[in-house]
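The exercises that follow ask for a careful reading of one protein model, moving from charged pairs to a helix and then to strands and backbone angles. Each task is followed by a solution that proceeds step by step.

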Amino acid sequence: MNPDWQHTLQQLLDADAELVVADPAGETTFVAPLARAWRLDADDADCLWLRPLSAPVTGEDGTTVFALNQCPRRALQLAGVHTDGGELVMALRSGQRARIRPATGAAADILAAWDTFVGARLDAAEELALDALDEDSWTGRYA
């Protein structure tokens, strides 16, 4: 696969992006805004790790927070990747298709809330742990 797609991916994530997954028949099965971190698996260069975000909740103090166990990392097993009109289109090994596109509407609102939450609530170690995309569950604050 041409590594230029990685640059497009980073640009999309930096500017607010969402993931849309469709089954082989083209029916959308999953849509979620994406946190800004991504990585390729060390043991499988065709495995892309991302963090889709769930909707935020109201914390005990009345502010907007995220239940981080509801925002686990996810792997996309890539069979092919190309760009299409500023979007990233991925054929997955499962036969599904995934698209990363600019976020709009509710997805953009969730990303704005995420940025505020990460900047105001998480310490540097927590932010690094989330960005590493190494764990499948969260045991720290905001679990």
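**Exercise 1. Salt bridges across the chain**

Task: State how many salt bridges a search of the whole structure finds, and work out which parts of the chain are tied together by the pair arginine 36 and aspartate 115.

Solution. The model is a predicted one, and a search of the whole structure finds 10 salt bridges in it.

Step 1. For a pair to count, a side-chain nitrogen of Lys or Arg must lie within 4 Å of a carboxyl oxygen of Asp or Glu. Arginine 36 and aspartate 115 satisfy this criterion, since their closest N and O atoms are 2.5 Å apart.

Step 2. Arginine 36 belongs to strand S2 and aspartate 115 to helix H2 (residues 105–121), so this salt bridge ties together parts that are 79 residues apart in sequence.

Step 3. Arginine 36 is partly exposed, with a relative accessible area of 26%, and aspartate 115 is likewise partly exposed, with a value of 35%.

**Exercise 2. Two further pairs and a network**

Task: For the salt bridge between aspartate 44 and arginine 93, and for the one between glutamate 126 and arginine 141, locate the partners and describe their accessibility.

Solution.

Step 1. The side chains of aspartate 44 and arginine 93 meet with an N to O distance of 3.0 Å. Aspartate 44 is in the loop between S2 and S3, whereas arginine 93 is in the loop between S7 and S8, so the pair ties together parts that are 49 residues apart in sequence.

Step 2. Aspartate 44 has a relative accessibility of 22% and counts as partly exposed, and arginine 93 is also partly exposed, at 45%.

Step 3. Between glutamate 126 and arginine 141 the N to O distance is 2.6 Å. This pair links helix H3, where glutamate 126 lies, to arginine 141 in the segment after H3, the two residues being 15 residues apart.

Step 4. Glutamate 126 counts as buried, because its relative accessibility is 10% and the cut-off for burial is under 20%; arginine 141, at 40%, is partly exposed.

Step 5. Salt bridges with shared partners also join Asp16, Arg36 and Asp115 into one network.

**Exercise 3. The two sides of helix H1**

Task: Which residues of helix H1 are buried, and which parts of the structure do they pack against?

Solution.

Step 1. Helix H1 spans residues 4–14, and its buried residues are Trp5, Thr8, Leu9, Leu12 and Leu13. They lie on the same side of H1, because the arc they cover around the axis is only 130°.

Step 2. A general rule fits this reading: an α-helix has 3.6 residues a turn, so residues three or four places apart point the same way.

Step 3. On the other side of H1, Asp4 and His7 are exposed.

Step 4. The buried residues pack against strands S1 (17–22), S2 (28–40), S3 (47–52), S6 (74–84), S7 (87–92) and S8 (97–102).

Step 5. Leucine 12 serves as a worked case, being buried at 8% relative accessibility. Leaving aside residues up to four places away in sequence, leucine 12 touches Ala17, Gly86, Glu87, Leu88, Ile100, Arg101 and Pro102. The C-alpha atoms of leucine 12 and arginine 101 are separated by 6.9 Å, although these residues are 89 apart along the chain.

**Exercise 4. Strand pairing and positive phi**

Task: In which sense do S1 and S2 run, in which sense do S2 and S3 pair, and what is the phi of leucine 133?

Solution.

Step 1. S1 and S2 run antiparallel and are joined by six bridges, with valine 21 standing opposite phenylalanine 30 in S2. Five residues separate the two strands of this hairpin, and glycine 26 in the turn has a positive phi of about 95°.

Step 2. S2 and S3 also pair in the antiparallel sense, over four bridges, and arginine 39 has tryptophan 49 in S3 as its bridge partner. The hairpin that joins S2 to S3 passes through six residues.

Step 3. Positive phi values also occur outside glycine. Leucine 133, which is not a glycine, has a phi of about 55°; leucine 133 lies in the segment after helix H3 (124–132) and is buried at 0% relative accessibility. Tyrosine 142 has a phi near 65°, is found in the segment after H3, and is partly exposed at 22%. Aspartate 16, just after H1, takes a positive phi of about 85°.

Conventions:
Residues numbered from 1 in each chain as written. Predicted model: local features only at pLDDT ≥ 70, side-chain atom pairs only at ≥ 80, totals over all residues. Heavy atoms only, no water. Buried < 20%, exposed > 50% of the residue type's maximum accessible area, 1.4 Å probe, protein only. Arc of directions from axis to C-beta. Contact = heavy atoms within 4.5 Å. Pairing = 2+ DSSP bridges.
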